[in-house]
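Trainee: I should like to learn how the packing of two helices is read from a model. Could you take me through an example?

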Amino acid sequence: MTTHSNFLMEETWESPESITERMVGDHSRCDQVYAEGETALVGGQWEAGEKLLRTFIAGMQTHIALEEQVLFPAIEEATGMVEGPTSVMRIEHEQIRSLLEELSRALESKDDDRILAIGETLNILIQQHNLKEENMLYPMSDAHLKDKKKELLQKMQSLATQGNHGTSPLE
Ligand SMILES: [Fe+2]
Ligand SMILES: [Fe+2]
């Protein structure tokens, strides 16, 4: 099975104006795919729901990989802050990643109740995490990384198109 991890790119790479715009766009696309998957599942459309939720998992894994491998190191280098906001975000990513893996396992076992329960916990965590990035970390990135914006966006694009960035058996 080919993964859906490139969906962030396929639909949306349109020369974003800023790092904030590009990353906030990922957040809302992931939210939307999750919501569609949940709706499908609740409506009894198992196959469509599973596909969408797997797309969501892959999208989140890709997005987190872009942050940890491209954006955060650049912020850390520019600000000299390694123990600052990026380290808090990395810890939260670990929590998100482990719930994404749980969600993936729940999909394998086709356990609707468990899928929805994990999804709810995951969603709360992601919304809180995203708010911190959107209100603080991304604007800070745009302020500190003005000269590197193009290079960073290109790096993220090429990483996002490389395939599976998670540890779940998606491929
Ligand atoms: Fe993040
Ligand atoms: Fe993010």
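Mentor: The following exchange concerns a pair of helices in this predicted model.

Trainee: At what angle do helix 2 and helix 3 pack, and how far apart are their axes?

Mentor: Helix 2, residues 19-42, packs on helix 3, residues 46-79, at an angle of about 160 degrees. The axes of the two helices are 7 Å apart. Angles over 145 degrees count as roughly antiparallel, so helix 2 is roughly antiparallel to helix 3.

Trainee: Is the crossing of helix 2 and helix 3 left-handed or right-handed?

Mentor: The crossing is left-handed.

Trainee: Which residues of helix 2 and helix 3 meet?

Mentor: From helix 2, the contact includes Ile19, Cys30, Val33, Tyr34 and Leu41; from helix 3, it includes Trp46, Leu52, Phe56, Met60 and Leu71. By class, the residues of this contact comprise 13 nonpolar, five polar and three charged.

Trainee: Which residues of helix 2 are buried?

Mentor: Among the buried residues of helix 2 are Arg22, Met23, Asp26, His27 and Gly37.

Trainee: What span should helix 2 have?

Mentor: At 1.5 Å a residue, its 24 residues should span 34 Å. The end C-alpha atoms of helix 2 are 35 Å apart, which agrees. Just after helix 2, Gly44 takes a positive phi of about 85 degrees.

Trainee: Is Glu47 buried or exposed?

Mentor: A residue counts as exposed if 12 or fewer other C-beta atoms lie within 10 Å of its own. Glu47, in helix 3, has 8 such atoms within 10 Å and is therefore exposed. Glu47 lies 10 residues from Gly37 in sequence, and their C-alpha atoms are 9.6 Å apart in space.

Conventions: Residues numbered from 1 in each chain as written. Chains lettered and ligands numbered in written order. Predicted model: local features only at pLDDT ≥ 70, side-chain atom pairs only at ≥ 80, totals over all residues. Axes fitted to C-alpha atoms, helices over the stretch in contact; angles between N-to-C directions. Helix = DSSP H or I, 4+ residues; strand = E, 2+ residues; numbered from the N terminus. Parallel < 35°, antiparallel > 145°, perpendicular 65-115°, else oblique. Left-handed = near helix turned anticlockwise from the far one by under 90°. Contact = placed C-beta atoms within 7 Å. Nonpolar A, V, L, I, M, F, W, Y, C, P; charged D, E, K, R; others polar. Expected span 1.5 Å × (residues − 1). Buried ≥ 20, exposed ≤ 12 C-beta atoms within 10 Å, placed from the backbone.
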